[in-house]
Amino acid sequence: MIFKTKNLTLRPWVENDAECLYHFAKNPNVGPIAGWPPHQSIEDSLNIIKTVFSKRETYAIVNDDIPIGCVGFLFHPDTNHWWGNGACELGYWIAEEYWGNGYAAEASKALISHAFNDLDISIIYATYKVGNVKSKRVLEKLGFKYYTDMVNEDYRHEYFKEVAMKLEK
Ligand SMILES: CC(C)(COP(=O)(O)OP(=O)(O)OC[C@H]1O[C@@H](n2cnc3c(N)ncnc32)[C@H](O)[C@@H]1OP(=O)(O)O)[C@@H](O)C(=O)NCCC(=O)NCCS
C-alpha cells in the first residue's frame, strides 16, 4: 500500500533505496537509541531492505522523492515484547537532517488510522529508551499514554530501561 500525507509519502522500501538508506542510517545518532546498529555499508543497508524492511506494514517515509526514514508495525513474533492478541508495536526513525518537522508523528498518524480501520488491531504499543525525550514527545503528540516500565536487551547484548506507551482504538 501507499499512503500520502501533507508532506510525506509512505511506500514499501525498494532495493534502489540502499544508497540513500546507508547515507542516513550510518549516523550513530539514529540507530543505537532505537536499538539497532549504525549501518556499515551500502550492502548492509541493502540486506536490511531485503529482510527487516520487507516485512509487512513497514514503509519508507519519502519526502521530495528521498526516503528519509522508516515507520512500521511489528507483529508477533517479531515484536520486542509479547503484547497480547490484537496488538502490534509501532516503530519509526527519521534521518537527522529532517528532525524537528513533525514528520515522525505525521507518518505514524497515517499508519495508526490504517491499523485501526483496515487491520484487526485494537491496541498499539510503542517503547522508547529512557532518556529518548524526542521519541517520548512523538508518542505524546500521537495520544499514547504511559503503560509500563520495561527492560530490553540491545544489539550489543546490553540491557537498557525503556518505557512502554499504549494507544487504544
Ligand atoms: C524520535 C524521532 C523519530 C523524532 O522525529 P521528528 O520527526 O524529528 O519528530 P518531531 O519533529 O515531532 O519532534 C519531536 C520532538 O523532538 C525534539 N526535537 C526535534 N528536533 C530536534 C532537534 N533537531 N534537536 C533537539 N530536539 C529536537 C522536540 O522536543 C520535538 O518535540 P516538539 O514538537 O514538542 O518540539 C527522531 O528524532 C529520530 O529518528 N531519532 C532517532 C531514532 C529514534 O529515536 N527512534 C525512535 C525509537 S523509540
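These are my notebook entries on what I looked up in this predicted model.

**Entry 1: the whole chain**

I began by counting elements, and the chain has five helices and eight strands. I then read along the sequence and wrote down the order as β-β-α-α-α-β-β-β-α-β-α-β-β. How compact is the chain? Its radius of gyration is 15 Å, close to the 15 Å that the globule rule gives for 169 residues, so the chain is as compact as a globular protein of that length. I also looked up the box that the C-alpha atoms fill, and along the principal axes this box is roughly 35 × 35 × 30 Å.

Next I looked at burial and contacts. Buried residues make up 30% of the 169 residues. Of the contacts with a separation of 6 or more, 58% are between residues 24 or more positions apart.

**Entry 2: around the ligand**

Which residues come nearest to the ligand? I found Ala-34, Trp-99, Gly-100, Ala-104 and Lys-134, out of 19 residues around the ligand. I then asked which elements give two or more residues to this shell, and noted helix 2 (31–34), strand 5 (87–94), helix 4 (103–118) and helix 5 (133–141). Helix 5 has the largest share, with four residues. By type, the shell holds twelve nonpolar residues, five polar ones and two charged ones.

**Entry 3: helix 4, side by side**

I stayed with helix 4 for a while. This helix has 16 residues, and from its first C-alpha to its last I read 22 Å, close to the 22 Å expected at 1.5 Å a residue. Which of its residues are buried? My list reads Tyr-103, Ala-104, Ala-107, Ser-108, Leu-111, Ile-112 and Ala-115. These residues cover an arc of only 155 degrees around the axis, which puts them on the same side of helix 4. On the other side I found Ser-113 and Asn-117, and both are exposed. Ala-104 is a residue to remember here, as it is buried in helix 4 and is also among the residues that come nearest to the ligand.

I checked Asn-117 against the cut-off. A residue counts as exposed if 12 or fewer other C-beta atoms lie within 10 Å of its own. Asn-117 has 9 other C-beta atoms within 10 Å, so it is exposed. I also picked Asn-27 as a partner for a distance check: the two residues are 90 residues apart along the chain, and their C-alpha atoms are separated by 35 Å.

**Entry 4: helix 1 and its neighbours**

I turned to helix 1 (residues 18–25), where Ala-18, Leu-21, Phe-24 and Ala-25 are buried. Seen down the axis, these buried residues fall within an arc of 130 degrees, so they line one face of the helix. What do they pack against? I noted helix 2, helix 3 and strand 4.

Ile-42 gave me a closer view of one of these neighbours, since its place is in helix 3. Ile-42 touches Ala-18, Glu-19 and Tyr-22, leaving out residues up to four places away in sequence. From Ile-42 to Ala-18 I read 5.8 Å, C-alpha to C-alpha, although they are 24 residues apart in sequence. Is Ile-42 buried, exposed or partly exposed? It has 15 other C-beta atoms within 10 Å, so Ile-42 is partly exposed.

**Entry 5: backbone details in the loops**

Last, I went through the loops. Between helix 3 (42–50) and strand 3 (58–63) I found Glu-57. Its phi is near 60 degrees, a positive value in a residue other than glycine. Glu-57 has 18 other C-beta atoms within 10 Å and is partly exposed.

Asp-64 sits in the loop between strand 3 and strand 4. Here too I read a positive phi, about 55 degrees, and Asp-64 is not a glycine. With 8 other C-beta atoms within 10 Å, Asp-64 is exposed.

Where is Pro-77? I found it in the loop between strand 4 (66–74) and strand 5. The peptide bond that joins His-76 and Pro-77 is cis, and omega is about 15 degrees.

Key: Residues numbered from 1 in each chain as written. Predicted model: local features only at pLDDT ≥ 70, side-chain atom pairs only at ≥ 80, totals over all residues. Near = placed C-beta within 6 Å. Nonpolar A, V, L, I, M, F, W, Y, C, P; charged D, E, K, R; others polar. Rg over C-alpha atoms; globule rule 2.2 N^0.38 Å. Buried ≥ 20, exposed ≤ 12 C-beta atoms within 10 Å, placed from the backbone. Contact = placed C-beta atoms within 7 Å. Expected span 1.5 Å × (residues − 1). Arc of directions from axis to C-beta.
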